[in-house]
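Reader: I would like a close look at a single part of this model, set against a short account of the chain as a whole. Please take the surroundings of individual side chains slowly.

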Amino acid sequence: MSTETAYSAQRLRRARYAVAAVFCVHGAVTGSFATRMPWIQDHAGVSAGQLGLALAFPAIGASLAMPLAGTISHRFGARTALRGLLALWTLALALPALAPNVYALSATLFVFGATAGMSDVAMNALGVEVENRLDRSIMSGLHGMWSAGALVGSAAGTLAAHLGSDARIHHFAASAVLTALGLLACRGVLDLRSTPDEEPPPRFALPPRSAVVIGAIGFCGVFAEGASLDWSAVYLRDVLGTSAGLAAASTTVFALTMTVARLLGDRVVDRFGPVRTVRVGGALATAGGVLVVLAPHPVAAMAGFGCIGLGIAVVVPLAFAAAGRTGTNASQSIAGVATITYTSGLIAPSAIGGIADLTSLVVSFGLVTVLAFGLVLGAGVLRGSARGADPARSGVAAASPEMRA
């Protein structure tokens with residue numbers, strides 16, 4: 001191996017660890033927010049239906065802002081863009097707990113969703129780029145780091161809820177720490193820049209049909225994820241009458257099972273393939289949804305949320321992998337799948353709240369169970385995500401002149 005190639009491999013390993021740290025920070029914001037949802041709901045004085053309506057605004061913000069991530073990266077470079085967008089996301093964590101009513105909560109959640117979506121697209125694009133240059137699967141592990149971050153954030157939130165702390169103080173402190181960690185992590189990511197004659201990406205473009213089909217699978221998985229993250233604590237408190245500390249622990253259980261499954265996911269997918277992995281996972285998530293709906297005791301419900309976490313863990317990483325290897329424009333396919341899947345995650349809490357207001361949270365998680373079964377039926381669309389499908393994208397393309405120190 002030449003000195004240049006060895007240096008390129010070293011750069012890629014550093015970039016992999018750096019982007020993994022970025023995923024971890026991003027997930028910690030989500031975990032910190034999700035565990036304090038009951039406190040935020042009580043502080044703003046909103047019903048389940050009003051909370052569901054407010055939780056539609058992150059989806060609106062993300063849908064409007066996500067297409068801008070590519071334009072920002074094109075103009076400022078991937079590293080600078082990610083640094084700025086991630087900082088906006090970590091700082092936005094402090095906003096929702098300040099809201100005194102449903103209107104202010106909706107406004108802050110709009111900003112929360114917009115910054116979440118843009119930073120999410122930027123970090124996933126860099127993750128896929130590193131995976132393609134390494135020529136081996138890393139996306140499940142990266143999303144495992146996101147789940148690890150969500151676990152750490154939710155664990156801290158569980159402790160804060162158990163101690164009865166003010167979420168405004170908790171989220172302000174978490175925001176400051178995560179912003180500093182995010183800026184530090186971004187120093188090591190690939191500094192990809194567009195060539196002077198390269199056309200900027202369109203601000204909005206319809207995703208190719210292949211991305212829409214793959215995105216439908218991602219939609220089912222991310223809907224179950226978003227619903228479980230944002231509503232598991234409320235479900236245990238309102239449906240099963242648990243304490244705030246135990247209710248928040250359900251979110252931690254969900255995050256823990258997703259973390260373990262994603263960190264082991266690359267090995268599982270390499271051995272059994274993406275289709276079989278998602279089908280078995282979908283069946284497990286469906287069983288978990290049934291257990292949540294029928295749970296007579298908090299422990300059973302927590303076990304159900306754990307099964308959902310295990311079952312849907314690798315769906316999103318495999319959706320990105322499939323998008324990167326289909327269609328004529330990989331970047332457009334990835335962006336299309338990202339928009340569909342993550343908009344699903346932001347829509348899910350709103351939909352769960354709306355259904356709960358009309359019926360009950362039990363019925364809401366009946367819908368989650370149905371969508372989880374959709375993974376069993378639709379897993380075949382990921383058949384094209386097997387690695388090696390596109391030799392032109394493999395090997396040490398890592399020495400590309402786009403990558404600068």
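What percentage of the 405 residues in the chain do buried residues make up? And, with that as background, which residues does Thr115 touch, not counting residues up to four places away in sequence?

Author: The model is a predicted one, and within it buried residues make up 56% of the 405 residues in the chain. The chain is built with 16 helices and two strands, and it exposes about 16100 Å², of which carbon and sulfur atoms supply 66%. If one takes the contacts between residues at least 6 apart in sequence, 86% of them join residues that are at least 24 apart.

The part to look at closely is helix α7, which spans residues 102-134 and holds both Thr115 and Thr108. Thr115 has a relative accessibility of 7%, and because buried means under 20%, Thr115 counts as buried. Its side chain has a polar atom that lies 3.0 Å from the backbone oxygen of Val111. Once residues up to four places away in sequence are set aside, Thr115 touches Leu85, Leu88, Trp89 and Ala92.

Thr108, also placed in helix α7, has a relative accessible area of 14% and is therefore buried by the cut-off of 20%. With its neighbours within four places in sequence left aside, Thr108 is in contact with Leu95, Pro96 and Ala99. For one of these partners, Leu95, the separation can be given in two ways: Leu95 and Thr108 are 13 residues apart in sequence, while their C-alpha atoms are 5.8 Å apart in space.

Elsewhere in the chain, a pair of helices offers a view of how two elements meet. Helix α2, residues 37-44, and helix α10, residues 209-240, have axes that come within 8 Å and cross at roughly 75°. Since angles of 65 to 115 degrees count as roughly perpendicular, α2 and α10 are therefore roughly perpendicular to each other. On the α2 side the residues are Met37, Pro38, Gln41 and Asp42, and these meet Asp230, Ala233, Val234 and Arg237 in α10. Sorted by class, this contact of α2 with α10 has four nonpolar residues, one polar residue and three charged residues.

To return to helix α7, the picture is of two threonines, Thr115 buried at 7% relative accessibility and Thr108 buried at 14%, with Leu85 among the residues touched by Thr115 and Leu95 among those in contact with Thr108.

Technical notes
Residues numbered from 1 in each chain as written. Predicted model: local features only at pLDDT ≥ 70, side-chain atom pairs only at ≥ 80, totals over all residues. Heavy atoms only, no water. Helix = DSSP H or I, 4+ residues; strand = E, 2+ residues; numbered from the N terminus. Buried < 20%, exposed > 50% of the residue type's maximum accessible area, 1.4 Å probe, protein only. Contact = heavy atoms within 4.5 Å. Areas by Shrake-Rupley, 256 points an atom, 1.4 Å probe, with all protein chains shown as cover. Axes fitted to C-alpha atoms, helices over the stretch in contact; angles between N-to-C directions. Parallel < 35°, antiparallel > 145°, perpendicular 65-115°, else oblique. Nonpolar A, V, L, I, M, F, W, Y, C, P; charged D, E, K, R; others polar. Polar contact = N/O pair within 3.5 Å; in protein donor to acceptor, adjacent residues only side chain to side chain.
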